[in-house]
Amino acid sequence: MSTVIYPSPIFGPVHSRRLGISLGINLMPADGKVCTFDCIYCECGFNADHRPKLRRPTREEVAEKLEAKLKEMKTEGQLPDVLTFAGNGEPTAHPHFAGIIDDTIELRDKYCPKAKVSVLSNTTMADRPEVHAALLKVDNNILKLDTVDPDYINKVDRPVSKTYDVKKIIETMKSFNGHVIVQTMFMRGKTGSEDVDNTGEKYVGPWLEALKDIKPQQVMIYTIDRETPDHDLLKASHETLDAIRDRVIEAGISCTASY
Ligand code: SF4
């Protein structure tokens, strides 16, 4: 199995056609994965297979390493277009996430004021006041909502907490008053003997209704790109993703599809 465990706290930069030069910030330990979800498609693998022994980087270490990397990139004349919080798990689960966002914005303003700060989160901690306030400060608050069907969520995203409630998650997304980008994974295939295709009307229709309620600034839909820990998952086709994207746009919400 070739899943990816990212270095910590800084990785990349990664060059992407969509984002430009993206410098990654990973708030998880460098030797494993810690997440409040355990998605069957996670490129970092299953939680149980990658339990870390190291600790998370401290707020000070993140600021120090980020500043050193930005100085290096400035010297090389190749500053990042985006600073992206992602990596081996859920970034908002770091106990000093809010302070780290403040430091990052300060460093961004000092070294690369045109760069955007993006956070990729699964939304499980976004109702915590300090996390919520921090997410309001970043340029791209990208929150995951793969479906609104609780059975599908338990089968595919597999929240670690038994109290996960998708209705509450939708309310949290609404509470950003449009300062939110919803990110949704569409795929086909199976996990064990169970179907995980969420591209049909049973899933897309109610998800679209939730989007109309959330009123995000944008929706990003995507599909499997790298090897997944569950090997029977399949990509959604271009045509399927384009059709879903067009329905979101018809509903008056900006939407992009990545294949
Ligand atoms: S939310 Fe992201 S990091 Fe966490 S298990 Fe899912 S894909 Fe992996």
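Trainee: Where in the chain does Lys215 sit?
Mentor: Keep in mind that we're looking at a predicted model. Phi of Lys215 is near 55°, a positive value in a residue that isn't glycine. As for its place, Lys215 is in the loop between H6 and strand E9 (218–222).

Trainee: Is Lys215 buried, partly exposed or exposed?
Mentor: Count the neighbours: Lys215 has 15 other C-beta atoms within 10 Å. To be buried takes 20 or more, and to be exposed takes 12 or fewer. The count of 15 therefore makes Lys215 partly exposed.

Trainee: Which other residue, apart from glycine, has a positive phi, near 80°?
Mentor: Look in the loop between strand E4 (116–121) and helix H3 (129–137). The residue there has 27 C-beta neighbours inside 10 Å, so it counts as buried. Its phi is near 80°, and its name is Thr123.

Trainee: At what angle do helices H5 and H6 cross?
Mentor: H5 covers residues 166–174 and H6 covers residues 201–214. Their axes come within 9 Å of each other. The crossing angle is roughly 35°.

Trainee: How many charged residues are in the contact of H5 with H6?
Mentor: From H5 we have Ile170, Met173 and Lys174, and they meet Ala210, Asp213 and Ile214 in H6. Sorted by class, four of these residues are nonpolar and none is polar. The charged ones number two.

Trainee: Which residues does Ile170 touch, leaving out those up to four places away in sequence?
Mentor: Ile170 lies in helix H5. With 19 C-beta neighbours inside 10 Å, Ile170 counts as partly exposed, because buried would take 20 or more. The residues Ile170 touches are Val148, Ala210, Asp213 and Ile214.

Trainee: How far apart in space are Ile170 and Leu145?
Mentor: In sequence, 25 residues separate Ile170 and Leu145. In space we go from C-alpha to C-alpha, and that distance is 8.5 Å.

Trainee: And what is the distance in space between His50 and Thr75?
Mentor: His50 belongs to the loop between strand E2 (20–25) and helix H1 (59–75). His50 and Thr75 are 25 residues apart in sequence. From C-alpha to C-alpha, the distance is 36 Å.

Trainee: Is His50 buried or exposed?
Mentor: Among the residues His50 touches, not counting those up to four places away in sequence, are Ile5, Gly32 and Cys44. Within 10 Å of His50 there are 21 other C-beta atoms. The cut-off is 20 or more, so His50 is buried.

Trainee: What about Lys162, is that residue buried or exposed?
Mentor: Lys162 lies in the loop between helix H4 (150–156) and H5. Between Lys162 and Thr172 there are 18 Å in space, C-alpha to C-alpha, for ten residues in sequence. Lys162 has 6 C-beta neighbours inside 10 Å, and 12 or fewer is what we need here, so Lys162 is exposed.

Trainee: How many nonpolar residues are in the shell around the ligand?
Mentor: The ligand is surrounded by Cys35, Phe37, Asp38, Cys39, Cys42, Cys44, Gly89, Glu90 and Asn122. Two of the shell residues are polar and two are charged. The nonpolar ones number five.

Trainee: Which residue does a cis peptide bond join to Gly12?
Mentor: There's a cis bond from Ser8 to Pro9 too, with omega near 0°, and Pro9 is in the segment before strand E1 (10–16). For the bond you're asking about, omega is about 15°. The partner of Gly12 is Pro13, and strand E1 is the home of Pro13.

Trainee: Zooming out, why is the chain called as compact as a globular protein of that length?
Mentor: The protein chain has seven helices and eleven strands. For 259 residues the globule rule gives 18 Å, so we compare that with the radius of gyration of the chain. The two are close, because the radius of gyration is 18 Å.

Trainee: Which residues does UniProt list for the Radical SAM core domain?
Mentor: The entry is unreviewed. That stretch is 35% helix and 17% strand, and its end C-alpha atoms are 19 Å apart. UniProt lists the domain at residues 17–254.

Note on methods
Residues are numbered from 1 along each chain as its sequence is written. This is a predicted model: local features need pLDDT of at least 70, side-chain atom pairs count only at pLDDT 80 or more; totals for chains, interfaces and linings use all residues. Helices (H or I, at least four residues) and strands (E, at least two) are DSSP runs, numbered from the N terminus. The radius of gyration is taken over C-alpha atoms; the globule rule is 2.2 Å times the number of residues to the power 0.38. UniProt positions are given in the numbering used here, feature names are shortened, and annotations may be inferred rather than shown by experiment. Axes are lines fitted to C-alpha atoms, for helices over the stretch in contact, and angles run from 0 to 180 degrees between N-to-C directions. Two residues are in contact if their C-beta atoms, placed from the backbone, lie within 7 Å. Ala, Val, Leu, Ile, Met, Phe, Trp, Tyr, Cys and Pro count as nonpolar, Asp, Glu, Lys and Arg as charged, and the others, Gly among them, as polar. A residue is near a molecule or strand if its C-beta atom, placed from the backbone, lies within 6 Å of it.
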